[in-house]
Amino acid sequence: MSYTTDKIRNIIFLGHQGSGKTTLVEQIASNILKQPAGSVDRKNTISDFTPEEKARLTSCSMAVVSLDYNGYRLNLLDAPGNDDFVADVIGVLDFVKAAVLVLDAGKIEVGTIKHFNLLKKYGVPTFIFVNKMDKELVNFDEVLEKITNSLGKKGVSFTYPLNDGKHFNGFVDVTTLKAVKADGHKRVPVELDEATKAKVSEMNNALVEQVALTDDALLEKFFSGEALSAEEIASGLKNAVLSGEVAPVVVGSSTENIGVNTLVDMMITYLPSPAFIKEMKGKDRGNREVIRKISESEPFSAYIFKTVYDQYKGTTNYAFVVSGSLELGSDVYNAELNSTMRASQMFSLLGAKQNNIQKAIAGDIVAFAKLDGITTGHTLCDKNDVVTFPRAKYPTIVYRRAISAKNSRDEEKLIQALYRVAAEDPTIEITRVPETKQLLLGGLSDSHLNFVLDKVKNTFGFEANTDAPQVIYRETVKREASAVGRYVKQSGGSGFYGVVEMRFGPSGSDENIFTEEIFGGTVPKNYHPAVEKGFFESVQEGQLAGFPVIGLKAVLFDGKYHSVDSNEQAFRMAAILAYREAYMNCAPTLLEPIMKITISVTNEFTGNVMNDLNQRRARVLSMDESGYGTQEITALVPEAELLDYAIKLRVLSQGSGSFNSEFDSYQEVPSNLLQGVIAANSRLEKDK
Ligand SMILES: Nc1nc2c(ncn2[C@@H]2O[C@H](COP(=O)(O)OP(=O)(O)O)[C@@H](O)[C@H]2O)c(=O)[nH]1
Ligand SMILES: [Mg+2]
């Protein structure tokens, strides 16, 4: 089917895990494709197709389900509700500006609030689908009140249930006052009883008033008692939805297939085409700003928002076509890799199923296979009209574990497999720490890392052990001390002769400094660099616990040399000996890394979080209201107290909290903890 950009709807389905997003998308696809709907529990949905999803009975990765319906192209993005996989969501919110927030029978859960705040932050016009209306004891009026209380005043009812709870069998469209009822597989119109009619007429009036409020001329018409035309109401509602003033609330049941078709029709009417974002800004070869309109008449460009690796299919890249169009078999260019490649395999997606396409146009979501080196965050463009779009801003890595292979022979292969899996997820990071030689796997939480390790095991068959990462302390000194270093060996052959007197003490900053105050050439100038070299080699390892030393100043102030046996090697060694001799007299101590963390948590849990911070030696810097019902706390906390924080914060805040952290400074380990830290972390014995 051919379609134009204005007929495309890219819609992301969000909401707490288990609210029914996958089931809803499945039902929409089933209605449109006229095929039976799969079920999450029977592991046969279009969206949840990976082995990890089938094992967990929940989405772990965002699936794209592209459907043709009444001349429209629907690209439905079934997002995972779990926070561990938020990268998939963040990755598209710069350009997907239409969403359906799915609620489980009107429960407003933590994940739902988080997603709602995210949609607000990114300015995404949103529908609220009150799913599972068939469940017992659901009372829609209470649901509406909860929506108002927890999500702000935006929720406006576009449909109203005929019966609540297990008698739920139909609904009224508040915009048209038409009602439908389920009769087996059929959906039949019904007449409203007087009470319901009165109720929904009132709601309709409120809706029309909302519309009138968006426009002065309409408001005048409304208050003078004149009826607004159907077109005025529809376009007024659309504007209110697009501006974010109104989030339409629609009721239904995905499993009973009630309200699903109405949702689809309303999404098409009220949610925008990709052209809503008008343009995307990028950079050209010379780093100058380039603007691409979401239009077929611009040069081709596309942004890769997701990369998936499959043992059999290889790597697939999911792309949002920002501008222009692309014929199958054309060349595409990537500026970061400076490479041109052929788009030889291009698909539309139905979950795991890839349907070959001949052409992709601005605003559409498509997939490419066999694009060498291309991965999430890359831009594809026309070689003659280069553009690179900025990457999505992903959350920072907050949880790390040291990884080693269960079977040490597999170490190299395990690492390669980890890199493969990590390439799919911008919130997974692999680093080798030079100081400890540990291989660290970083991500968003314990369960997030376990997911990655599970996947490595399922896909490649390698198992890993995990361990706590080591904090990298530093050493420094608090007072001055001097020492003599003598390196003298004169028995037989060419000898060694170097004697230095050096003073060591605090440098006044984090830097190590070497100076000299030699009078009368007791150590000739040409040997000073060797002394300096010996000093800088020494500070790689402190004598207290074996950590690198910072903030140490060394002054070479006296010494002796021998006209035949002195050489650079002798003076280098003499400096090392002087350092070793003096170090423990300089009142050495340990410095620990202090992180600056920013925590976001819903109001009700701030007390928990603050109490816990106190026990982590934190210094709270600020606490501010941020977003609807959430607080932002910033604090300085020793890294050693944060190793498990990603897990603990979830517990403390019932999943509502998140945080990010960055290195701030080094600070002295408190004296009451010093001996314990040295005992637990000393590298001196191990290394010798
Ligand atoms: N009773 C009822 N159960 C539903 C409905 N929609 C989904 N479910 C069930 O809720 C569970 C979670 O659904 P799923 O689609 O995986 O939720 P997701 O995590 O939001 O994708 C599954 O067991 C579904 O069968 C509904 O409308 N009514
Ligand atoms: Mg799901």
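This tour goes from the whole chain to its cores, two helix pairs, the ligand shell and two loop lysines.

**Whole chain**

Start with everything shown. This is a predicted model. The chain has 688 residues, and 43% of them count as buried. Switch to a cartoon view: the chain holds 17 helices and 36 strands. Now show the C-alpha trace alone. Along its principal axes it spans about 115 × 60 × 55 Å. Think about contacts as you rotate. Among those in the chain with a separation of 6 or more, 72% join residues 24 or more positions apart.

**The largest nonpolar core**

Select Ile11, Phe13, Leu77, Phe129, Ala319 and Val321. They belong to the largest nonpolar core, a set of 150 residues, and touch the most other members. Next, colour helix α9, residues 260-270. With 6 residues, α9 gives the most to this core.

A second core of 29 residues lies apart from the largest one. To find this other core, select Val500, Phe571, Leu577 and Ala578, which are among its members.

In soluble globular proteins, nonpolar side chains tend to be buried together.

Return to Leu77 and centre on it. Which residues is leucine 77 in contact with, leaving aside its neighbours within four places in sequence? Ile11, Ile12 and Phe13 are three of them. Met62 and Val64 are also in contact with leucine 77, as are Val92 and Val96.

**Helices α1 and α9**

Keep α9 on screen and add helix α1, residues 21-33. The two pack at an angle of about 85°, with their axes 10 Å apart. So α1 is roughly perpendicular to α9. Show side chains at the contact. From α1, pick Leu24, Gln27, Ile28 and Asn31. From α9, pick Val260, Asn261 and Val264. Colour the residues of this α1–α9 contact by class: 4 are nonpolar, 3 are polar and none is charged.

**Helices α6 and α8**

Move to helix α6, residues 194-213, and helix α8, residues 230-242. Their axes come within 9 Å and cross at roughly 70°. That angle makes α6 roughly perpendicular to α8. Val208, Gln210 and Val211 form the α6 side of the contact. Ile233, Gly236, Leu237 and Ala240 form the α8 side. By class, the contact of α6 with α8 has 5 nonpolar, 2 polar and no charged residues.

**Ligand 1**

Zoom to ligand 1, which 22 residues surround. Which residues are the closest? Label Gly20, Lys21, Thr22, Thr23 and Val40. Helix α1 comes up again here: with 3 residues, α1 gives the most to the shell around ligand 1. Colour this shell by class. The shell around ligand 1 has 15 polar, 5 charged and 2 nonpolar residues.

**Two lysines with positive phi**

Select lysine 43, in the loop between α1 and α2 (51-56). Phi of lysine 43 is near 60°, a positive value in a residue other than glycine. Is lysine 43 buried, partly exposed or exposed? Lysine 43 is partly exposed, because 14 other C-beta atoms lie within 10 Å.

Last stop: lysine 437. Find lysine 437 in the loop between β25 (429-432) and β26 (439-443). Lysine 437 has a positive phi of about 65°, although it is not a glycine. With 9 other C-beta atoms within 10 Å, lysine 437 is exposed.

Methods. Residues numbered from 1 in each chain as written. Chains lettered and ligands numbered in written order. Predicted model: local features only at pLDDT ≥ 70, side-chain atom pairs only at ≥ 80, totals over all residues. Core = buried A, V, L, I, M, F, W, Y, C linked by C-beta atoms within 7 Å. Buried ≥ 20, exposed ≤ 12 C-beta atoms within 10 Å, placed from the backbone. Helix = DSSP H or I, 4+ residues; strand = E, 2+ residues; numbered from the N terminus. Contact = placed C-beta atoms within 7 Å. Axes fitted to C-alpha atoms, helices over the stretch in contact; angles between N-to-C directions. Parallel < 35°, antiparallel > 145°, perpendicular 65-115°, else oblique. Nonpolar A, V, L, I, M, F, W, Y, C, P; charged D, E, K, R; others polar. Near = placed C-beta within 6 Å.
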